[in-house]
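Subject: Structure handover

Hello,

Please find the structure below, followed by notes on what was found in it.

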Amino acid sequence: MKLIVAIIQPSRLEEVKQALEDANAGLMTVTPVLGRGRQKGITEVYRGAKEIGSLLKKIKIEIACSDDFVEPTIEAIIKGARSGEIGDGKIFVLDLSDVVRIRTGEHGREAIG
Amino acid sequence: MNSGDTAWVLISSALVLIMTPGLAFFYGGMARKKNVLSLLMQCFFIMCLIGVQWVVYGYSLAFGPDVGGIIGSLDWAFLHNVGLKPFDGYSKTIPHLAFMVFQSMFAVITPALIIGAFAERIKFSAFVVFTLLWATLVYDPIAHWVWGNGGWLKDLGALDFAGGIVVHVSSGISALVMCLLIGKRIGYEKTAFAPHNLPFTVLGGALLWFGWFGFNAGSALAADGIAANAFVTTNTATAAAGFSWALLEWIKDGAPTVLGVVSGAVAGLVAITPACGYVSPTSAIIIGIVAGVICCLAVTVLKQRLGYDDSLDVFGVHCVGGTWGTLATGLFAQKVINEGGADGLFFGNPQLLLNQGIYFISCIAYAAAMAWVLFKLVDVLIGVRVEKKDELIGLDLTQHNEAAYTVLE
C-alpha cells in the first residue's frame, strides 16, 4: 500500500479530480497549502517593507491506494495537473504500513477502498 | 441660499461617496480570494483618480458653459468661477461648490460600476487608462447632454431624476462590451466560481442601500417634499425588488439565497433611480417587483443562454435595471408628485414614454460604441488582459504585490 501526496496548482484541481475519477481512483483528501519550489514566490510589499519570494498557494492531494493502483493514480494526476510550465508541482509516493476504517475497525486492504 | 438645502446636499454627497467602497465590498465578496484586493483597489483608486479629474476638467466638461449642445467648455477648469455663491442655472439655494461636489460622487461611482464585468482578469495599468478615458469621453459628455445647461437631451423632455441612464445604463452597456471583448475568465463554465465571502457582499449591499438615499433623495438638491418622496420610493422599490428576486429563486431553485436578496435590492435601487422623484410609493412597489424579476432572469437565464462572462453581473443588474427604470418613469410618472416632471403613459401622456425611448437609445448607442473604441485603443497601447500565468495566480499578487489574507498566522 502506498500514500501518494501530490502538490499541484490550485487552478488544476478540477482537472485532476476529473482525471482521477476517470481512472476509478476518486477517493482523496484535499488541503490548501503554501509552498515554493523552483517557481519561487512573488515578492510582496507592505508600505515599502518587502517580503521576498513569499510562498505561493498550492493544493495538496493525499490518496491512499493499493499497489496496483499506484501507477494509474500517478498518471491521472499528471494528466490533470501538467501544463508544461514551471510550478506544475510534484508527486511523492510513500510506503503505507496500515490503514484502518474507523466505522468497522477493518485493517489493510479491506479498509483502503 | 438656504442652509437646510445646503446641509442636505453636503450630507448627500458624503452618502454617495460611501457607495463606492460599498460597491467594492459588494463586488469583492463575489470574487475569488486571490482577486478581492484588486476589486477593492480599483474602486478606491477611482475615488482618487476621478476625485482629481473632476476638479481639474471633468466638472467643466460636464456642466461648464455649453458648446454646441455636445459638451461643456473648459472655462470652469480647476473650478474657475465655481464658488461659494449659488449658480442659478443649476440650483438657486446651495453653493455652486456644493452642487459640484455632489456631482463629483456620481462621476466617481459610474466608472466603478463597470469593473465588475472585467473583474479578475484586467491589467491594472489598462484599467487606469481605460477609466480615465471613459470618464472623460463617455461620462462627461452624457452627463452634459442630460444635465448640463444647453445639453441636447435636457430640453427633449425626458425624465431621469438621479441618473438611471447617465449612471447605470451607460456603465452597464459599457460593461457588456468590455466583457465580450476581454473574453471569459480561464475555467469559466468548467469550474464554479463561488463567491469567496458573501458577508462582504451583504455589507457592501447594505452600504449601497444606505448611500443611495443621498444619490436619489439628494438629487432633489433641496431638503423638501420631493426629496422625501424620492427617499420613500427608493426604500420601497428596493425592498420590493429584494423580496421578488428571493421569491423567484425560491420558486425556481428551491431556496432563497443571500446573494439573491442582496442582488435584488441593488436591482431595485438601480430601477427606481430615474423614477424616484416622479412616481408614487405605490408605483415604486411595482417598479421594484418587476426589477427583481427581470434582473434575476437576466443574470440566471439570459447570461447562460448568451454565454458571456460578466463576472459580477454589471449588465444584468445595472443596464437591465436602469433600462426598466427609465421606461417605467415613462409609464408611472405623475405631475401630482412633482410639478417639474410630467405625466406618464398610465396617467394619460404617451409622449413621455417616447421621449424616454429616444433618450435611452441615443445614450446606450453612444456608450456602447465608445466602450468598444476605448477598449481597442487601450488594448493596442498596453494590452487589456493580464497574462495567463498572472490570471491563474491572481491579480492581488501579480498586480499589487499583496495578498488579502495570510494563510500562516
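The notes cover the overall build of chain A, one helix pair in chain B and two backbone outliers.

This is a predicted model, in which local features need pLDDT of at least 70 and side-chain atom pairs count only at pLDDT 80 or more, while totals for chains, interfaces and linings use all residues. Residues are numbered from 1 along each chain as its sequence is written, and chains are lettered from A and ligands numbered from 1 in the order in which they are written.

Chain A

Chain A has 3 helices and 6 strands, taken as DSSP runs numbered from the N terminus (helices H or I, at least four residues; strands E, at least two). Their order from the N terminus is β-α-β-β-β-β-α-β-α. The radius of gyration of chain A is 17 Å, well over the 13 Å given by the globule rule for 113 residues, so the chain is more spread out than a compact globule. That radius is taken over C-alpha atoms, and the rule is 2.2 Å times the number of residues to the power 0.38. The C-alpha trace of chain A spans about 55 × 30 × 20 Å along its principal axes. Of its 113 residues, 21% count as buried (20 or more other C-beta atoms within 10 Å of its own, against 12 or fewer for exposed and in between for partly exposed, with C-beta atoms placed from the backbone).

Helices H2 and H3 of chain B

The axes of H2(B), residues 36-63, and H3(B) come within 8 Å and cross at roughly 125°; they are lines fitted to C-alpha atoms over the stretch in contact, with angles from 0 to 180 degrees between N-to-C directions. The two helices are therefore oblique to each other (not under 35 degrees, roughly parallel; over 145, roughly antiparallel; or 65 to 115, roughly perpendicular). Residues in this contact (C-beta atoms, placed from the backbone, within 7 Å) include Ile50(B) and Trp54(B) of H2(B) and Ser104(B) and Ala107(B) of H3(B).

Positive phi in chain B

Most residues other than glycine have a negative phi. Phe78(B) has a positive phi, near 55°, and lies in the loop between strand E2 (71-72) and helix H3 (96-114) of chain B. Phe78(B) is exposed, with 12 other C-beta atoms within 10 Å. Leu79(B), in the loop between E2 and H3 of chain B, also has a positive phi, of about 60°. Leu79(B) is partly exposed, with 15 other C-beta atoms within 10 Å.

Regards

Methods: Two residues are in contact if their C-beta atoms, placed from the backbone, lie within 7 Å.
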